[in-house]
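Hi everyone, thanks for making time this morning. I'd like to walk you through a structure I've been looking at, so please have a look at it with me.

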Amino acid sequence: MSTRRLRSEDYKDYSSTEATPDGSPTEGRNGFASPESYQRFGESNGTTWFQTLIHLVKGNIGTGLLGLPLAVKNAGIVLGPLSLLVMGIAAVHCMGILVKCAHHFCNKYQRPFVDYGDAVMYGLEASPSAWLRTHAIWGRYIVGFFLILTQLGFCCVYFVFLADNLKQVISAANGTTNDCHSNKTTVLTPTMDSRLFILSLLPFLVLLVYIQNLKFLSIFSMLANLAMLSSLIMINWYIITSIPDPSNLPLVAGWKTYPLFFGTAIFAFEGIGVVLPLENKMKNPRHFPVILYVGMAIVTVLYISLGTLGYLRFGANIQASITLNLPDCWLYQSVKLLYSIGIFFTYALQFYVPAEIIVPGAVSQVPERWALWVNLLLRTCLVCVTCLLAILIPRLDIVISLVGSVSSSALALIIPPLLEITTYYADGIHPVTIAKDFLISILGLAGFVVGTYESLWALATPPIANTTRALV
């Protein structure tokens, strides 16, 4: 799920808006701006609908996808896929709300682009509460805080994911064969603790984040996409070739594990940060609502299919990442390494967001001769923070659920519905819409509280160590 916090000054292909004769902006019946209200200068530099669709899909696919089979286990073989569908619909609806509100404020203030933080700030300025209007700037700060928290949380997940997969590949190196269909139990060779693997990755990731040019990062992004796509194809092939009888799997899991499902699922669906930047970069922004729904429909189908089939394939033995369930043959060991390479390069892209929020402000406070050193020092410190947190929480399933419950739920489910209420309250908003928005936000808040509690409780419970792994 790579995101980038972009401001209007980052672009040369500015958007403009047209007003109706009475000076008010035109809006379509579906709440989005009408096609006539969005024109773009320098269209030749913008992205096509297909490029935007690809960016949207890949921006929502990362480590969260590989954790969805375990999420389905935590909900049940029937309740899990149904919950993923409902959560996908809610998340996409909230993305649509954010785009609609951003369009509204672009028209209202004649601005070329409004980012997530701007939209929330303007929404609070339009609210009926005088206190909220006075403290509207805090809307931008809150969104910035959760963006930093989410992206650094992703980076922590990447540390743990890389360490777990590298540890398993090295542990099983002596037993790796060319037979990818054996059901025998593999005895893993004892290796160093996963925390030491996390620490060993630190210097390489520090050097990686020193690359600050997005053009160079885009090269790594392309390599990451190719590696992850190849891995997903081979993972899905292995799953569908041999699915056992699912009759012994629970239809609905216990209520204690459902909050862990919520955290993992919303972690996977938290791609709301890429929505507005992608819309702003399009040649024809009026096409974006359709692209949003088509792209997220593809993502939702992929999530439900991999989550369900992965759980059907491995059952109760499913691990925090489905890559850890793959057999110890050279083909699937290469899959683990390929996906790990993709995640390694994606770390720099995820890190770009908090770095762009934190580093420039700090660098501006020091003399120019110290600017480069302060820049590199801050980047190093931020990577060390994510490394330290990963060492403190070296359990991939728990850290994914915790990050999803704490930060992803706020950005994806809680804030957008409240933004719609404050944005359109003065203009008149239907009571049914208000009730719907409150319901989504309350469900998001409940997931935030209960999911965080259950994740912390599971973290406090020591896992059962096991040095053998059955390949089923």
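**A walk along the chain**

Let's begin with a bend: helix α13 has a kink of about 45 degrees, and the kink is centred on Ala355. Before I go on, please keep in mind that this is a predicted model.

How far apart are the end C-alpha atoms of helix α13? They are 47 Å apart, and 34 residues, covering 330-363, should span 50 Å at 1.5 Å a residue, so the two values agree. So for α13 we have an end-to-end distance that agrees with the expected span, along with that kink at Ala355.

Now to charges. How many salt bridges does the structure hold? There are seven. A good place to start is Asp118, which pairs with Arg111 through a salt bridge of 3.6 Å, N to O. Asp118 also has a salt bridge with Arg140, where the closest N and O atoms are 1.9 Å apart. That second pair links distant parts of the chain, 22 residues apart: Arg140 belongs to helix α7 (residues 137-171) and Asp118 to helix α5 (residues 116-125).

Is Asp118 buried or exposed? Asp118 is buried, because its relative accessible area is 5%, and the cut-off for buried is under 20%. Arg111 counts as partly exposed, at 22% relative accessibility. Arg140 is likewise partly exposed, with a value of 22%. So picture a buried Asp118 that has salt bridges to Arg111 and to Arg140.

Another salt bridge joins Arg195 and Asp193, whose closest N and O atoms are 3.5 Å apart. Both partners are partly exposed: Arg195 has a relative accessible area of 38%, and Asp193 comes in at 36%. Elsewhere, Lys100, Glu420, Lys436 and Asp437 are joined into one network by salt bridges that share partners.

On to the cysteines, since someone always asks. How many disulfides are there? The count comes to zero. Take Cys384, which is in no disulfide: the nearest cysteine sulfur belongs to Cys381 and is 6.3 Å away. The cut-off is 2.5 Å between sulfur atoms, so this pair does not count. As for surroundings, Cys384 is partly exposed, with a relative accessible area of 31%, whereas Cys94 is buried at 0%.

Next, the surface. Which residues form a nonpolar patch there? They are Phe216, Ile219, Met222, Leu223 and Leu226, and together they have about 490 Å² of accessible area. Leu226 sits in helix α9, which covers residues 214-240. As a reminder about helices, an α-helix has 3.6 residues a turn, so residues three or four places apart point the same way. Do keep that in mind when you look at the patch on your screens.

Two loop residues to finish. Gln110 is found in the loop between α4 (79-109) and α5. Its phi is near 50 degrees, a positive value in a residue other than glycine.

The other one is Pro250, in the loop between α9 and α10 (258-269). Pro250 counts as partly exposed, at 38% relative accessibility. Where does Pro250 stand relative to Gly315? In sequence they are 65 residues apart, while in space their C-alpha atoms are 9.8 Å apart.

That's my tour. Thanks for listening, and I'm happy to go back to any part of it.

Methods:
Residues numbered from 1 in each chain as written. Predicted model: local features only at pLDDT ≥ 70, side-chain atom pairs only at ≥ 80, totals over all residues. Heavy atoms only, no water. Patch = residues over 30% accessible without salt bridge, like charges linked within 9 Å, V, L, I, M, F, W, Y side chains within 5 Å. Areas by Shrake-Rupley, 256 points an atom, 1.4 Å probe, with all protein chains shown as cover. Salt bridge = Lys/Arg side-chain N within 4 Å of Asp/Glu carboxyl O. Helix = DSSP H or I, 4+ residues; strand = E, 2+ residues; numbered from the N terminus. Expected span 1.5 Å × (residues − 1). Bend = angle between axes of the 7 residues up to and from the residue. Buried < 20%, exposed > 50% of the residue type's maximum accessible area, 1.4 Å probe, protein only.
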